[in-house]
Amino acid sequence: MTSIQPVDPAKPTERGGGVIVRPFSHYAGHWRAEQKLRVHSGAKLKMHGDAPRDDWRTPRDVELSRLTGGDTDGADLLVVEVFTFPNHLRNDSWGLNLDSDQVSAGSGVSQEYRAFAARLLEYLEFIRVPVNRTCTIRAEISRPGGGPSWTAAGPPAGDKVASDGRPVAESTTIMLNFGFEPRGVVWANQDPSCPWVRLALEPGEACFGPFRQMQLVQDTLGMTEPDFNLIVEPSESEQHANKDLCGVCHD
Amino acid sequence: MERNSLSSHQADISPVIDLLVIQPTPFCNLDCDYCYLPNRGDRRKIDPDTLRRIFKAVFESEFLGRQLGIVWHAGEPTTMPIEFYRTAFALAEQSKPEDLALTHSIQTNAVLIDQAWCDFVLETGLQVGVSVDGPAFLHDRHRKTRSGAGTHARTLRGIRRLQDNGIDFHAICVLTRDSLDYPDEIFDFFADNNIGQIGFNIDEIEGANHDSTLTGVGTDTLFRRFLRRFLDLLKQHPGILSVREFDDTMSAIAADENAAIYNHQVMPFGIVSVDADGNISTFSPELLGQSSRTYGDFAFGNVHQGGLDDVENNAAFQKTRREIKAGLSRCRETCDYYGVCGGGAPSNKFFEHGRFDETETMYCRLTKMAVTDIVISDIEADLAQHAAEFVTAAGGQRA
Ligand code: SF4
């Protein structure tokens, strides 16, 4: 069963679901919000949850201004920041034998994957992206348009603890597009009368925002190459230790 | 770092000309915002008679050694026709002493490099350095045309030409405040474009560039952070890129502590610079063409009037020499980095302090002190790690 919710396009950033997408201080390139952001005109209600309709469109000027933070009262907004990461990390990722790293979180991750994860964290630390005190770095590869076909996950070596001066976030999700084609990241709006928002992440681009509030809906933007994303999230131990993060122990 | 114990004073070593900088034209086809050249819109060209007199003056000088590098510089050299260089190289070859080993080099923005230039480079062995500041988004912020357009795409086209012809070159990458946040992207640019040798220059306060993006509060820390990150990237990806600053500092640290560090910028006639009108200067080449009443615009002689012999009797030269020597003495007495630096660049002392008998500059703080500290801390960390591994291994054997 599918139904289309009525939408008020003038309310994309209202309380309860407002999203702001903006370039992080480290962004190597020319930021063009009007090319990267799309909104849709309604949500499909499906048996297993909502999904955006396919009629993505360029935001109107007033929407764009709100979506990029130009006209907000700062209330309860989900702020997503976009940054770029270097090619040498992408090159290094191609050297990983991810098939053999196909393991459940926290166990049996190869030395190569740990070393790679540590290098990724060093980079995030250098550009001052807030990283969780301890985190899991999950690799997801999927057929275009399909769900993850498999996942490699593991903490970086020694559950790396934040060093002095490193910006630490209690609850961040970072998503990096390691693939060869742009892919969409979609934020479902909690207010059904507001449109959803889609950000096109180019290869070598990444975004971060509050943990659990970022809904990384698969959207391959009609591309044909497999998606390859890395997702950095609070480690399980950190989630369990923090009642704001853990949906199990503290429910 | 231990204070150095160098015994010889470089300024007293008998002069040897090892670099001749000739300005074929002050003109540059670009208008980079950090450029030190004051007359880069001036289309004057050196004439054949001036060129002949330069070679005569230098090749007959008592200070000439067995080797000489000629750098065609202080304007964009490729704005002069290739034929000019063909004639100039032939003239140099004819008039040089038989046993003098001569090399020619240019530092270019590569915008005008075409197949004819590549053929000429291959034919003559001309050494090429290309100025490129990394990826387009950094390069194009500062390296622009007169109409303000970025030049990265055109520089890259010239680089491709050189590479397609198998011509080896090094790159000079100027670091501005913008660059300091992007070591990974700069590393990527050179690695991805197969440019294996680079040197970092900095946005200096020099000549026509009266201010630098690197003077702000906290820049020193950011600069060190950049270097640290860049060195880590070099170590993570060995064999891809060599960086002049790290290599030179390593060599200086490894050298015998009593060996005098050779700094030809502080030695009279170590570098001889001649502009398109035949004006002669020495010490830092950046001094030539800069205006200064006190130091006679740093034109200490002219090849049309007496040549090199007259320079020693020139009052402005003598004053400059005295002050440089005094600055050098102060550096030697007070600076822990003298052993790897050798007293720095007189031009930076002049442009930052207005005189030469000074010591520390922004330039030396970043390019000498910061680099040395980073290299030494890296060596120490490596040693500590090896020691720890050795102890672990030894413990394992005992068990
Ligand atoms: S120029 Fe600077 S680094 Fe070099 S010796 Fe003098 S004070 Fe030290």
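The following dialogue considers salt bridges and backbone angles in a predicted model.

Reader: How many salt bridges are there over all chains?

Author: A salt bridge is recognised here when a side-chain nitrogen of Lys or Arg lies within 4 Å of a carboxyl oxygen of Asp or Glu. By this rule, the count over all chains is 29.

Reader: Where in chain B do Arg86(B) and Glu83(B) lie?

Author: Both belong to helix 2 (residues 82-95) of chain B, and they are three residues apart, about one turn of the helix. Their side chains meet in a salt bridge with an N to O distance of 3.0 Å. Arg86(B) has a relative accessible area of 32% and is therefore partly exposed. Glu83(B), with 48%, is likewise partly exposed.

Reader: Which parts of the chain does the pair Asp184(B) and Arg229(B) link?

Author: The side chains of Asp184(B) and Arg229(B) form a salt bridge, at 2.7 Å from N to O. This pair links distant parts of the chain: Asp184(B) is in helix 6 (residues 183-192) of chain B and Arg229(B) is in helix 7 (residues 219-236) of chain B, 45 residues apart.

Reader: Are Asp184(B) and Arg229(B) buried or exposed?

Author: The cut-off for a buried residue is a relative accessible area under 20%. Asp184(B), at 0%, is therefore buried, and Arg229(B), at 5%, also counts as buried.

Reader: Which residue forms a salt bridge with Asp378(B)?

Author: The partner is Arg228(B), and the closest N and O atoms are 2.8 Å apart. Here too distant parts of the chain are linked, since Asp378(B) is in helix 13 (residues 362-398) of chain B and Arg228(B) is in helix 7 of chain B, 150 residues apart. Asp378(B) is buried, with a relative accessible area of 8%, whereas Arg228(B), at 24%, counts as partly exposed.

Reader: Which residues are linked with Arg228(B) and Asp378(B) in a network of salt bridges?

Author: The network also includes Asp232(B), Lys235(B) and Asp382(B).

Reader: What should one note about the phi of Phe283(B) and of Phe298(B)?

Author: Most residues other than glycine have a negative phi. Phe283(B) has a positive phi of about 65° although it is not a glycine. For Phe298(B), phi is also positive, near 60°.

Reader: Where are Phe283(B) and Phe298(B) found, and are they buried or exposed?

Author: Phe283(B) is in the loop between strand 9 (279-282) and strand 10 (301-302) of chain B. Phe298(B) is likewise placed in the loop between strand 9 and strand 10. Phe283(B) is buried, with a relative accessible area of 0%, and Phe298(B) is buried at 0% as well.

Technical notes
Residues are numbered from 1 along each chain as its sequence is written. Chains are lettered from A and ligands numbered from 1 in the order in which they are written. This is a predicted model: local features need pLDDT of at least 70, side-chain atom pairs count only at pLDDT 80 or more; totals for chains, interfaces and linings use all residues. Side-chain values use heavy atoms; hydrogens and water are left out. Helices (H or I, at least four residues) and strands (E, at least two) are DSSP runs, numbered from the N terminus. Buried means under 20% relative accessible area, exposed over 50%, partly exposed in between (1.4 Å probe, protein chains only).
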